[in-house]
Amino acid sequence: MTAGTATGGPENTLGNSGVRVGGLGFGAAAIGNLFTEVSDERAHEAVTAAWQRGIRYFDTAPHYGLGLSERRLGEALRECPRAEYTISTKAGRRLEPAAGGGDDLANSFAVPATRRRVWDFSADGVRRTLDASLERLGLDRVDVVYLHDPDDHAEQAFREGYPALEKLRSEGVVGAIGAGMNQTAMLTRFVRETDVDVVLCAGRYTLLDQSALAELLPAAVERGVSVVVGGAFNSGLLADPKPESTYNYAQPPGEVLDKALRMKEIAERHGISLRAAALAFCAAHPAVASVLVGARSADEVRDAADQFETPVPAAFWQELRDTGLLTTEVPS
């Protein structure tokens with residue numbers, strides 16, 4: 001791959017780890033056939049476009065397409081200098097062979113159900129999951145490992161999974177460790193009670209949902225823990241607000257849709273897109289090291305890069321505050 005214009009920066013260090021990520025990262029769930037199929041060629045083109053736009057942080061997980069995302073991402077990055085990019089994956093869902101047939105759409109992925117997920121935050125499970133991820137990625141190391149969605153497995157995640165990650169970090173097997181979830185309460189507990197370098201907070205710090213502001217983001221700043229934001233568009237509503245858009249993977253409540261439409265109208269009046277505002281909002285908080293954007297095509301990657309580069313005028317933020325669409329204490 002050839003390097004293109006730089007978009008992934010500025011670079012930030014995750015906690016005290018020394019692992020660096022750009023301000024814009026590539027979320028690889030979509031190339032694991034999230035909801036609909038993506039061809040191998042299209043997935044490869046999406047990763048290539050990210051590289052050409054200077055994106056150097058890539059996030060994946062075994063959960064995404066039962067390993068398909070990891071295989072495609074590893075294949076696409078194979079020709080890239082390993083020292084020039086940061087890659088994260090996750091542990092907590094161990095993949096085992098399955099013979100039941102059918103597809104995996106019940107878990108949101110359009111792939112054959114040739115494997116099944118087994119929740120496993122044990123120390124042995126974390127190591128086995130990471131070993132399998134490395135094999136699918138074709139790598140001998142990853143930079144970051146997150147405990148993935150331990151919502152209903154808190155005791156095992158804190159008692160066994162987290163110490164296992166800490167040991168992997170001390171052995172130099174991984175550079176940084178953390179947890180990734182769609183909620184803020186347990187992520188705040190990880191920040192306060194463990195020595196994680198980073199947490200991945202999905203959908204809880206956006207233009208429409210600022211629940212992370214109450215405790216998670218202040219705690220992260222206080223403890224020197226980095227935050228990677230996922231779900232900046234709340235699964236689509238902030239990318240293109242309309243009745244058929246989804247908000248947190250469901251039909252948006254009427255008042256939320258109305259709020260997004262009002263924000264879009266104000267954004268367009270200020271000469272920007274709502275997508276640009278949504279990305280800029282997430283990136284502005286001092287705890288946030290990177291914002292992940294999922295993309296299933298090269299065009300979607302290029303659009304995300306363009307939006308991320310777009311300056312958002314101060315008058316736009318002021319109008320959001322004046323109209324009550326944004327609380328005044330939100331940094332922007």
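A polar contact is a pair of N or O atoms within 3.5 Å; within protein, one must be able to donate a hydrogen and the other to accept it, and residues adjacent in sequence count only if both atoms are side-chain atoms. Keep that in mind for the first view. The model is predicted, so local features need pLDDT of at least 70 and side-chain atom pairs count only at pLDDT 80 or more, while totals for chains, interfaces and linings use all residues. Residues are numbered from 1 along each chain as its sequence is written, and side-chain values use heavy atoms, with hydrogens and water left out.

**View 1. Asn33 and Arg72 are joined by their side chains.**
Look for Asn33 in the loop between β3 (24–27) and α1 (40–52); helices (H or I, at least four residues) and strands (E, at least two) are DSSP runs, numbered from the N terminus. The polar contact from Asn33 to Arg72 spans 2.9 Å. Asn33 has a relative accessible area of 5%, so it is buried. Buried means under 20% relative accessible area, exposed over 50%, and partly exposed in between (1.4 Å probe, protein chains only). Beyond four places in sequence, the contacts of Asn33 (heavy atoms within 4.5 Å) include Val38, Leu68, Ser108 and Phe109.

**View 2. Eight strands form a closed barrel.**
Follow the strands in the order β3-β4-β5-β10-β11-β12-β13-β14, with parallel pairing. On average, neighbouring strands of this sheet are turned by 25° against each other, direction ignored; the axes are lines fitted to C-alpha atoms, for helices over the stretch in contact, and angles run from 0 to 180 degrees between N-to-C directions. Two strands pair if DSSP finds at least two bridges between them. Strands β13 (residues 226–230) and β14 (residues 288–294) have three bridges, in the parallel sense. Val228 has Ser290 of β14 as its bridge partner.

**View 3. Helix α5 has buried residues that pack against several elements.**
In α5 (residues 185–193), the buried residues are Met186, Leu187, Thr188, Phe190 and Val191. They pack against three strands and two helices you can pick out here: β10 (144–148), β11 (176–181), β12 (198–202), α4 (154–170) and α6 (216–223).

**View 4. Phe26 belongs to the largest nonpolar core.**
A nonpolar core is a set of buried Ala, Val, Leu, Ile, Met, Phe, Trp, Tyr and Cys residues joined through side-chain atoms within 4.5 Å. Among the 93 residues of the largest one, Phe26, Phe58 and Leu207 touch the most other members. Apart from this core lies another, of twelve residues, including Val21 and Val144. Leaving out residues up to four places away in sequence, Phe26 touches Ile31, Phe58, Asp59 and Leu292, among others.

**View 5. Cys201 has no bonded cysteine partner.**
Why is Cys201 not bonded to Cys282? The sulfur of Cys282 is the closest cysteine sulfur to that of Cys201, but at 9.2 Å it is too far for a bond. The structure holds zero disulfides, a disulfide being a pair of cysteine sulfur atoms within 2.5 Å. Cys201 is buried, because its relative accessibility is 1%. Cys80 is buried too, at 7% relative accessible area.

**View 6. Gly15 sits in a loop.**
That loop lies between β1 (12–13) and β2 (20–21). Buried or exposed? Gly15 counts as buried, at 18% relative accessibility. Neighbours within four places in sequence aside, Gly15 is in contact with Asp197, Gly224 and Ser226.
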